[in-house]
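Here's a quick tour for anyone opening this structure for the first time. Have a look at the sequence and the model, then read on.

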Amino acid sequence: MNSDSENECLIEERSSDEEFSSSESESDDDCLDSARDWCQIDVTSPLPSHPKFPFTGNPGIKVCIGDSGDPFEYFNLFLDDEMFSFIVEETNRYAESFFENAELTPGSRALKWKNTNKEEMKRFIALLLLQGVVQKPVEQWFWSKRPILSTPFFGKVMVHKFKSVYVPKPDISVDESLIAYKGRLSWKQYIPQKRARFGIKLFQLCESESGYIWNSLIYTGKGTAFNENYNDYGLSTKSVLTLIHELKGKGYCLSTDNFYTSPELAELLIDSKTDICGTLRPNRKGLPVSFKSSTLKKGEIIAFQKGKMCVLKWKDKKPLHMLSTFHNADMMEVKAKKGDSVKLKPKAVVFYNNSMGVLIDQISVYLTILCCPKSTAKILQEDFSTFVKSNCVEFLRYL
């Protein structure tokens with residue numbers, strides 16, 4: 001009997017301990033859930049903002065550069081013999097595949113094809129670069145012998161490397177660029193805000209200070225080569241995560257526009273010790289209801305905090321929505337572009353303007369100016385040549 005009563009007592013004690021442990025765990029979960037909810041910030045006396053993640057990257061040039069100042073030496077940093085060998089190999093392989101499948105007439109000019117080599121390919125790349133300097137509206141005019149059109153020199157002559165040569169500084173930006181292209185292409189894009197308007201869209205990750213294009217991703221619709229680890233996310237999120245994949249966990253600070261910025265992306269970047277600051281669409285999932293519906297007068301601001309993430313709405317000429325992981329609702333004085341007047345702006349807005357500015361748009365201008373009009377050119381040739389041109393410009397400008 002004693003043994004049975006003792007067992008009953010032990011069972012009761014265990015059950016009570018389990019109930020206590022369970023209720024304690026549930027209480028902890030409730031506390032954590034409530035801590036992860038949006039809390040409105042008192043903008044009259046905001047708490048200190050969360051600090052940035054400590055930067056552990058090692059930025060700067062990662063190759064030895066001589067003192068000669070020869071532009072060709074800098075060019076070889078990106079396109080060395082190994083890269084040219086790869087281009088030549090793939091070009092000849094494509095030609096072989098073409099002849100196996102094509103039905104050519106005896107008089108076809110394609111039958112005169114001979115396998116290319118590194119020296120010939122170097123001359124070809126040199127001509128592409130020169131066509132960005134000496135521009136003509138029609139491709140054939142570069143080879144014209146008419147005195148009024150001719151450029152005799154042309155008749156006489158005929159993305160891994162960019163990561164290894166240079167590592168970006170802590171502040172980086174992601175945006176899209178457009179390479180002008182008017183030929184037929186199923187995934188040709190129309191972006192009215194860009195200088196070219198029609199062309200090939202690229203998602204690009206750049207160093208904010210210099211504009212160096214560290215990573216680039218061609219958008220080809222459903223066939224876009226995103227990192228397979230991020231296939232479950234939407235287009236804007238997985239494009240950013242693919243571009244920044246090799247920089248995660250090093251304390252980088254990313255600036256994005258409202259196409260990319262979202263609470264989902266911010267949470268994922270926080271988990272990988274990466275900060276973000278960018279403009280925000282008020283209808284994104286996971287935002288407070290009053291964030292979109294609240295009405296503000298000019299100069300007023302409303303803000304909400306959720307863990308390390310802060311969202312704010314500020315009324316200037318029109319409402320501006322921002323998300324940042326290292327800002328709060330603090331304001332700062334900014335001198336107007338015209339005159340000596342001073343204006344109050346949120347620190348997050350000032351940082352974003354300084355980080356993004358017109359940097360990515362300038363790169364689009366480089367791509368448009370340096371890209372010569374070849375509507376019938378092969379698409380990979382077009383993208384490759386403009387990518388080389390724009391990054392060589394930025395690398396030399398950085399030096």
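Before we start, one cut-off to keep in mind: a residue is called buried when its relative accessible area is under 20%, exposed when that value is over 50%, and partly exposed in between. Keep in mind, too, that this is a predicted model. With that settled, here's what you're looking at, from the whole chain down to single residues.

**The chain as a whole**

- There are 12 helices and 14 strands in the chain.
- The chain runs to 399 residues, and 41% of them count as buried.
- Its accessible surface adds up to about 23100 Å², with 53% of that belonging to carbon and sulfur atoms.

**Pro-263 and its surroundings**

- Pro-263 sits in helix α8, which spans residues 263-271.
- Is Pro-263 buried or exposed? Its relative accessibility is 7%, and since buried means under 20%, Pro-263 counts as buried.
- Which residues does Pro-263 touch, once you set aside its neighbours within four places in sequence? The contacts are Leu-280, Arg-284, Lys-285, Gly-286, Leu-287, Met-309 and Leu-323.
- Met-309 deserves a second look: it is 46 residues away from Pro-263 along the chain, yet the two C-alpha atoms are separated by 8.0 Å.

**Helix α8 and what it packs against**

- Pro-263 has buried company in α8, namely Leu-265, Ala-266, Leu-269 and Ile-270.
- These buried residues are on the same side of α8, because they cover an arc of only 160 degrees around the axis.
- A bit of background helps here: an α-helix has 3.6 residues a turn, so residues three or four places apart point the same way.
- What do the buried residues of α8 pack against? Their partners are α7 (235-244) and the strands β8 (253-256), β9 (275-279), β11 (309-315) and β12 (319-324).

**Just past the helix: Lys-273**

- Follow the chain on from α8 and you come to Lys-273, which lies in the loop between α8 and β9.
- Lys-273 has a positive phi of about 55 degrees, although it isn't a glycine.
- For context, most residues other than glycine have a negative phi.
- Lys-273 counts as exposed, because its relative accessibility is 51% and the cut-off for exposed is over 50%.

**A nonpolar patch on the surface**

- Tyr-94, Phe-98, Phe-99, Leu-104, Leu-111 and Trp-113 form a nonpolar patch on the surface.
- Together they have about 560 Å² of accessible area.
- Where is Leu-111, one of the patch residues? Look in the loop between α3 (81-101) and α4 (118-131).
- With 49% relative accessibility, Leu-111 counts as partly exposed.

**Ser-177, a buried polar contact**

- Ser-177 belongs to strand β4, residues 171-180.
- At 0% relative accessibility, Ser-177 counts as buried.
- The side chain of Ser-177 makes a polar contact of 2.8 Å with the side chain of Gln-204.

**Ala-225, out in a loop**

- You'll find Ala-225 in the loop between β7 (213-218) and α7.
- Ala-225 has 58% relative accessibility, so it counts as exposed.
- Leaving out residues up to four places away in sequence, Ala-225 touches Leu-217 and Thr-242.
- Ala-225 and Ser-239 are 14 residues apart in sequence, and their C-alpha atoms are 9.5 Å apart in space.

Notes: Residues are numbered from 1 along each chain as its sequence is written. This is a predicted model: local features need pLDDT of at least 70, side-chain atom pairs count only at pLDDT 80 or more; totals for chains, interfaces and linings use all residues. Side-chain values use heavy atoms; hydrogens and water are left out. Helices (H or I, at least four residues) and strands (E, at least two) are DSSP runs, numbered from the N terminus. Buried means under 20% relative accessible area, exposed over 50%, partly exposed in between (1.4 Å probe, protein chains only). Contact means heavy atoms within 4.5 Å. The arc is that of the directions from the helix axis to the C-beta atoms. Patches are made of residues with over 30% relative accessible area and no salt bridge: like charges are joined within 9 Å, nonpolar side chains (Val, Leu, Ile, Met, Phe, Trp, Tyr) within 5 Å. Accessible areas come from the Shrake-Rupley method with a 1.4 Å probe; for residues, only the protein chains shown count as cover. A salt bridge is a side-chain nitrogen of Lys or Arg within 4 Å of a carboxyl oxygen of Asp or Glu. A polar contact is a pair of N or O atoms within 3.5 Å; within protein, one must be able to donate a hydrogen and the other to accept it, and residues adjacent in sequence count only if both atoms are side-chain atoms.
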